[in-house]
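Subject: Structure handover

Hello,

Here is the structure I promised to pass on. Please open it first, then read my notes below with the model beside you.

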Amino acid sequence: MTNGAAVRHFAVVTGAPGAGKSTVVAALLAHQSAPMIFDADWLLPAASRLVAQDIRQAARLWPSYRALWLAIIGMIESNGHASILFLPLEPRELLAMPSTPPEVTHWCLLDCSDQVRTERLQRRGCSAAEIRAAIEDGAILRQQITMIIDTSAANADETAAQVLTWFAESVPQ
């Protein structure tokens, strides 16, 4: 307890591009027993309009965009609802943010082999440089997060079930 208030818990599912975050979000939304699910991509169009540029192409805006999501999740938590945020974020980035991070952060990494990531990103039309960057991001995240769910061969429903199990076992409800 902190100042008589409940300890804040924060659940993040992260992953480099091509790991399957948005696909798993769609599968989780079909589960009636799922906690509140949020995909950071959902606000990209509105936030981009707000700042009059595509946030996906403006790396300098990502820290502020992530801080916005943390504030949103904090409001939801204040109303007594458990949630999972799907957001490309590294644990060390959360610690470096100027906003107050939650006391306890639970991390889950959706990951896949570099070959699968390459194939997925090629289907999206990503450039060779974008694919190399995504592979590097995956390697960096593997060094920081121990709870890893491999999406290389699992389908979205199987992966969603694994995320729900992780959440139920990790985050106090």
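Is Gln144 buried, exposed or partly exposed? Gln144 is partly exposed, because its relative accessible area is 24%, and buried would mean under 20%. Keep in mind that this is a predicted model.

**Gln144 and its surroundings**

Gln144 sits in helix H6. Setting aside neighbours within four places in sequence, Gln144 is in contact with Glu90, Pro91 and Arg92. Take Pro91 from that list. Gln144 and Pro91 are 53 residues apart along the chain. Their C-alpha atoms are separated by 6.8 Å.

**The strands**

Start with S1, which covers residues 9–14. S1 is largely enclosed by the rest of the structure, because 5 of its 6 residues are buried. S1 pairs with S4, residues 104–111. The two strands run parallel and are joined by 6 bridges. Two of the partnerships are easy to find. His9 has Val104 of S4 as its bridge partner. Phe10 has Thr105 of S4.

S4 is also largely enclosed by the rest of the structure, since 6 of its 8 residues are buried. S4 pairs with S5 as well, residues 148–150. That pairing is parallel and runs over 3 bridges. Look for Asp111, which stands opposite Asp150 in S5.

Now go back to S1 and turn to S3. S1 and S3 run parallel, with 3 bridges between them. Here Ala11 stands opposite Ile84 in S3. S3 is joined in turn to S2, residues 36–39, by 4 bridges. S2 and S3 run parallel. Met36 stands opposite Ser83 in S3.

How are the two faces of S3 placed? In a regular strand the side chains alternate between the two faces of the sheet. In S3, residues 83–86, both faces are covered. Ser83 and Leu85 are buried on one side. Ile84 and Phe86 are buried on the other.

**The nonpolar cores**

In soluble globular proteins, nonpolar side chains tend to be buried together. The largest nonpolar core here has 25 residues. Phe10, Ile55, Tyr65, Trp69 and Leu85 touch the most other members. S1, helix H2 (44–51), helix H3 (62–78) and S4 each supply at least two residues of this core. H3 gives the most, with 7 residues. Apart from this core lies another, of 20 residues. Val24, Ala34, Ile37 and Leu164 are among its members.

Which residues does Ile55 contact beyond its neighbours within four places in sequence? Ile55 is in contact with Leu44, Ala47, Ser48, Leu61, Trp62 and Tyr65.

**Two alanines to look at**

Ala67 lies in helix H3. Ala67 counts as partly exposed, because its relative accessibility is 22%. Ala67 and Leu94 are 27 residues apart in sequence. In space they are 8.9 Å apart, C-alpha to C-alpha.

Ala52 is found in the loop between H2 and H3. Ala52 is exposed, with a relative accessible area of 71%. Check its backbone too. Phi of Ala52 is near 60 degrees, a positive value in a residue other than glycine.

**The largest pocket**

What is the volume of the largest pocket? The volume is about 1,200 Å³. The lining of this pocket has 41 residues. Ala16, Pro17, Lys21, Pro88 and Arg124 lie nearest the centre of the pocket. The elements that give two or more residues to the lining are helix H1 (21–29), H3, helix H5 (114–124), helix H6 (128–144) and helix H7 (156–170). H6 gives the most, with 7 residues. By class, the lining has 20 nonpolar, 10 polar and 11 charged residues.

**Where to look first**

Begin at S1, which is parallel to S4 and to S3. Then go to H3, which gives the most to the largest core. Finish at H6, which gives the most to the lining of the largest pocket and holds Gln144.

Best wishes

Conventions: Residues are numbered from 1 along each chain as its sequence is written. This is a predicted model: local features need pLDDT of at least 70, side-chain atom pairs count only at pLDDT 80 or more; totals for chains, interfaces and linings use all residues. Side-chain values use heavy atoms; hydrogens and water are left out. A nonpolar core is a set of buried Ala, Val, Leu, Ile, Met, Phe, Trp, Tyr and Cys residues joined through side-chain atoms within 4.5 Å. Buried means under 20% relative accessible area, exposed over 50%, partly exposed in between (1.4 Å probe, protein chains only). Contact means heavy atoms within 4.5 Å. On a 1 Å grid over the protein atoms alone, a cavity is a set of points where a 1.4 Å probe fits but cannot get out, and a pocket is an open set with protein on both sides within 12 Å along at least five of seven lines; lining residues have an atom within 4 Å of a point. Grid points are joined across faces, edges and corners, and a volume is the space filled by probe spheres set on the points. Ala, Val, Leu, Ile, Met, Phe, Trp, Tyr, Cys and Pro count as nonpolar, Asp, Glu, Lys and Arg as charged, and the others, Gly among them, as polar. Two strands pair if DSSP finds at least two bridges between them.
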